[in-house]
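Morning, everyone. Please have a look at the model on the screen, and I will go through the strands and then one of the helices.

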Amino acid sequence: MIQPSNVDELREMWRLTAGVPATVGPSWTMSVDDTPKVYVQGMIGGWRLDAGEFVKNLHAITAPTIDLHINSPGGFVFDAMSMFDALVNHPAKITAYVGGLAASAASLLLQAADTRIMGIGSRVMIHDARVGAYGPPDQLRKQAAIGDQ
């Protein structure tokens, strides 16, 4: 199995091919209530520390339940997978609400929930992997192999 050796480099390549500016803020916020609310709004991974800060903040939640609200077109799959793993492994019962769109990488976050609720008119979009690469043929083949996994 091929593992990305430099996630920052892959994230930057994704940003360039997807047209995502590097200065976009985090795509998530969290509230500190009896039932904490996690909001994933906008592009996942548009900010350098998106997944890392998300995971750290999620681990700080000790409540027995979490409400996850999603309205996102998706984003960088490795950030989404890190967020997914943190949600799946969190001991809280997670209820996900889609208010608009859970597309592409954001659909992974929806799958991490114990209960999933779709708002009226909301949508989930799942598709095959997309990869972008620039470089010599051996690097292009490596990126294609990652996309095939």
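A definition before anything else: two strands pair if DSSP finds at least two bridges between them. Helices (H or I, at least four residues) and strands (E, at least two) are DSSP runs, numbered from the N terminus. What you see is a predicted model, in which local features need pLDDT of at least 70, side-chain atom pairs count only at pLDDT 80 or more, and totals for chains, interfaces and linings use all residues. Residues are numbered from 1 along each chain as its sequence is written, and side-chain values use heavy atoms, with hydrogens and water left out.

The protein has five helices and six strands. Read from the N terminus, the order is α-β-β-α-β-α-β-α-β-β-α.

Now strand β4, residues 93–103. Which strands pair with it? β3, residues 65–72, runs parallel to β4 and is joined to it by seven bridges; one bridge partner pair is Ile 70 in β3 with Val 98 in β4. Between those strands the chain passes through helix α3, in a right-handed β-α-β crossover. Right-handed means that, with the strands pointing away from the viewer, the path from the first strand over the helix to the second runs clockwise.

β5, residues 115–118, is also parallel to β4, with four bridges. Thr 95 stands opposite Thr 115, and Val 98 stands opposite Met 118. β4, helix α4 (residues 105–111) and β5 form another β-α-β unit, and it is right-handed. Finally, β6, residues 123–125, pairs with β4 in the parallel sense over three bridges, with Leu 101 partnered by Arg 123 in β6.

On to α3, residues 77–89. Its 13 residues should span 18 Å at 1.5 Å a residue (the expected span is 1.5 Å times one less than the number of residues), and the end C-alpha atoms are 18 Å apart, which agrees. Which residues of α3 are buried, meaning under 20% relative accessible area with a 1.4 Å probe and protein chains only? They are Asp 79, Ala 80, Met 83, Ala 86 and Leu 87. Seen down the axis, these fall within an arc of 125°, so they line one face of the helix; the arc is taken from the directions from the helix axis to the C-beta atoms. An α-helix has 3.6 residues a turn, so residues three or four places apart point the same way.

For the whole protein, buried residues make up 35% of the 149 residues. That is all from me.

Terms used. Buried means under 20% relative accessible area, exposed over 50%, partly exposed in between (1.4 Å probe, protein chains only).
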